[in-house]
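This briefing goes through one protein model by topic. Keep the sequence and the 3D view open while reading.

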Amino acid sequence: MTTLRDITRRATIVTTALIVGLTASYAPSQAAEGEARTTITDHPGAPGTMLRHLEDLTGRPVGDLDKVLAVDTGGRNLTGDQLAALAAGKEVDGVKVVGTIPGSREVLGTTMADLADGTYDGTGDGGTATSLLFASSTSGGREWCLTMCVASGKSVWECLLSRRTGELILTLDLAGGTTIRETKAAFEKANGVAVDGPSSVQTLIGDGEPSADEIRTLLDGRDIPSLRRVATVERPDPEWALTDIAEKSGVVYAKTKGHLFTVTLPILGKFLVFCVSQDNGKTWKCSARPWGGF
């Protein structure tokens, strides 16, 4: 029987984040550049080392280990939804769960090879899994982190963590004098993580306020009937006030003005933030959502 130590091919890391107790989730289907990633050479204590490395990279705790799933994907890349289903105990076509191991301090002190056979027995000689899925939760059980580790060589594992807290779309009300820097700080405070950017800001104009569905469409990166894109500024001055962005972008007047920012969050990647005003810039409603690109 082929054992874990015989696996030499490289595999694409896949990961997901599942918010327990909420109706929304954010689930990227595969690893992207800039996300929290670590490579672990297998040794006694490798699972604990992996989680500590990811905590250091993200600056946030990954929580308590709830369980570990040893998974044979049959050489396929799994989507985020499929990984979330596996963590929830559901079946996924073409994927075999070799075993499920309850989380414990002792499990963090063993080897990846030991866990790959789906049992915690100190051997790992009977494993056929190519991946390990670590499911951990923060206090209160309202947030889960799923960390996917994939065998990429003899006794070497690549692991990636992704997570998100709160609602899928985050909305804040801000005054017109709020600067881009202060807008970013407001979202950082609401999310609890640092934000990089914005890398660009687009100005949109129209005659009426966009609906909630239209805002969701904009945050998906698509156009809407009520607003049209008229200007783009790369790396806008962080001291610009929301009410001044249109003029500084060359847009003089419009009944409804909106600005679409592109920012980056650690682990989660690119987010779109849309701010719209209907009272000539006195107040703004800003909404943010993860964006996977076109």
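How many bridges join strand 2 to strand 3? There are 6 bridges between strand 2 and strand 3 (residues 96-102), and the two run antiparallel. The model is predicted. The protein contains 7 helices and 12 strands.

**Overall figures**

- Of the 294 residues of the protein, 51% count as buried.
- The accessible surface comes to about 13600 Å², and carbon and sulfur atoms hold 49% of that surface.
- Among contacts with a separation of 6 or more, 63% join residues 24 or more positions apart.

**Strands 2, 3 and 4**

- Strands of a sheet pair through backbone hydrogen bonds, and the pairing is either parallel or antiparallel.
- Strand 2 (residues 64-72) pairs with strand 4 (residues 131-137) over 7 bridges, in the antiparallel sense.
- Val68 has Phe134 in strand 4 as its bridge partner.
- On the pairing with strand 3, Ala70 stands opposite Gly99.
- Val97 also belongs to strand 3. Val97 counts as partly exposed, because its relative accessible area is 34% and partly exposed covers the range between 20% and 50%.
- Beyond its neighbours within four places in sequence, Val97 is in contact with Leu69, Ala70 and Leu86.
- Val97 and Leu132 are 35 residues apart in sequence, and their C-alpha atoms are 9.8 Å apart in space.

**The open sheet of six strands**

- An open sheet is formed by 6 strands in the order 7-12-11-10-8-9, with antiparallel pairing.
- Strand 7 (170-175) and strand 9 (228-234) stand at the edges; each has a single partner strand, so one side of each has no neighbour in the sheet.
- On average, neighbouring strands of this sheet are turned by 25 degrees against each other, direction ignored.
- Strand 10 (residues 256-265) and strand 11 (residues 269-277) run antiparallel and are joined by 9 bridges. In this pairing, Leu265 stands opposite Gly269.
- Strand 8 (residues 196-206) contains Pro198. The peptide bond that leads from Gly197 to Pro198 is cis, with omega near 10 degrees.

**Strand 9 and the loop after it**

- Arg229 lies in strand 9 and is partly exposed, with a relative accessible area of 31%.
- Not counting residues up to four places away in sequence, Arg229 touches several residues, including Gln202, Thr203, Leu204, Leu218 and Leu260.
- Arg229 and Gly258 are 29 residues apart along the chain, and 9.0 Å separates their C-alpha atoms.
- Arg235 sits in the loop between strand 9 and helix 7 (245-248).
- Arg235 is not a glycine, yet its phi is positive, at about 45 degrees.
- Is Arg235 buried or exposed? Arg235 counts as exposed, because its relative accessibility is 64% and the cut-off for exposed is over 50%.

**Nonpolar cores**

- The largest nonpolar core has 23 residues. Those with the most contacts inside this core are Met50, Val68, Met112, Leu132, Phe134 and Trp157.
- Two or more residues of this core come from each of helix 1 (46-58), strand 2, helix 4 (112-115), strand 4, strand 5 (144-153) and strand 6 (156-162).
- Helix 1 gives the largest share of this core, 4 residues.
- Leaving aside neighbours within four places in sequence, the contacts of Phe134 include Pro47, Met50, Leu65, Val68, Met112, Leu115 and Leu146.
- Apart from this core lies another of 19 residues, among them Ile180, Val233, Leu242 and Val263.

**Helix 6**

- Which residues of helix 6 (residues 212-219) are buried? They are Glu214, Ile215, Leu218 and Leu219.
- These buried residues cover an arc of only 140 degrees around the axis, so they lie on the same side of helix 6.
- An α-helix has 3.6 residues a turn, so residues three or four places apart point the same way.
- The cover over the buried residues of helix 6 includes strand 8, strand 9, strand 10, strand 11 and strand 12 (283-290).
- Gly221 follows helix 6 and has a positive phi, near 90 degrees. Gly221 is also one of the residues that Arg229 touches.

Terms used
Residues numbered from 1 in each chain as written. Predicted model: local features only at pLDDT ≥ 70, side-chain atom pairs only at ≥ 80, totals over all residues. Heavy atoms only, no water. Buried < 20%, exposed > 50% of the residue type's maximum accessible area, 1.4 Å probe, protein only. Contact = heavy atoms within 4.5 Å. Areas by Shrake-Rupley, 256 points an atom, 1.4 Å probe, with all protein chains shown as cover. Pairing = 2+ DSSP bridges. Axes fitted to C-alpha atoms, helices over the stretch in contact; angles between N-to-C directions. Core = buried A, V, L, I, M, F, W, Y, C linked by side-chain atoms within 4.5 Å. Arc of directions from axis to C-beta.
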